[in-house]
Amino acid sequence: MRRTWAAGATALPVRSTVIAATAAVPYPFQVGIASGEPDASSVVLWTRLAPSPLNADGHGGMANTDVTVDWQVSTDDLFTTLVASGSVTATYATAHSVHVIAGGLNADSDYYYRFRAQGHLSPVGRTRTTPALGTSGRDLVMAFTSCAHYEEGYFTVYRRLAEDNPGLVLHLGDYIYEYGATSGRPRTHAGTTEIVTLADYRRRYAQYKSDRISRPRMRSRRGSSYRTTTRWRTTTPTWCARTVLQR
Ligand SMILES: [Fe+2]
């Protein structure tokens, strides 16, 4: 059955006064979407609402209010056959990040997913479950990245990576760098000093993620997201990076 899930405010069901009151806000999916931690029946879907990702307070331009975020998983990128869906509350305390465990999926299968919030639709992402335990499944194309320094160049490799449609992308380390802005480089970190606080980390991740999604998105209506799995660390400190990623 074809499901209509329009982005416009007039097409939205009246779910809450929050959505109804904020339907005209700027596009909140500036730092993209992602999926990861797959197993044979579920994946984790992630997004974060941040219409102004580089705000120094780390809240990406979001007000101190809860926001309902809807999500859908489908077997096709037009979302004609939904296999999972739901709604979650994105809170100010967690910088309006969202982690959804989309369950009830088939093993070793491809799916598409998307979010809706504040009258806006996210890009559409692709994801994939693992083979069932004890089975070999389909061929798996894996990619890994590391040492991604925003200031030292452009992340065109992520666009190329997405074109290969890998089944799994592993970020082995240095997903971001903590250094403050340095002059004379191709690009500049937001913030003049080394990042230390939670707000610093939120902004830094937002800056890197903003870049990662923008380039592949220009080439594909399906969006740029690709499957990722556990990102262990940046450079230092490990515990802090992990904490931020969980938020
Ligand atoms: Fe490195």
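Two strands count as paired when DSSP finds at least two bridges between them. Helices (H or I, at least four residues) and strands (E, at least two) are DSSP runs, numbered from the N terminus. You're looking at a predicted model, where local features need pLDDT of at least 70, side-chain atom pairs count only at pLDDT 80 or more, and totals for chains, interfaces and linings use all residues. Residue numbers start from 1 along each chain as its sequence is written.

**First stop: a strand pair.** Select 142–146 (S9) and 168–173 (S10): these strands run parallel, paired over five bridges. Now click alanine 143; its bridge partner in S10 is valine 169.

**Add the helix.** Select 156–163 as well, and H2 completes a right-handed β-α-β unit with S9 and S10. Right-handed means that, with the strands pointing away from you, the path from the first strand over the helix to the second runs clockwise.

**Zoom out.** The whole protein has four helices and 11 strands. Of its 247 residues, 37% are buried (20 or more other C-beta atoms within 10 Å of the residue's own, with C-beta atoms placed from the backbone).

**Colour by pLDDT.** That's the predictor's confidence in each residue, from 0 to 100. The mean is 81, and 77% of residues reach 70 or more. Among the elements, select S3 (67–74) for the highest mean, 98, then H4 (238–245) for the lowest, 28. Next, try 229–247: pLDDT stays below 50 there, and the stretch has 29 contacts beyond near neighbours in sequence (C-beta atoms, placed from the backbone, within 7 Å). Where pLDDT is low, don't read the predicted coordinates in detail.

How values were computed:
Buried ≥ 20, exposed ≤ 12 C-beta atoms within 10 Å, placed from the backbone. Contact = placed C-beta atoms within 7 Å.
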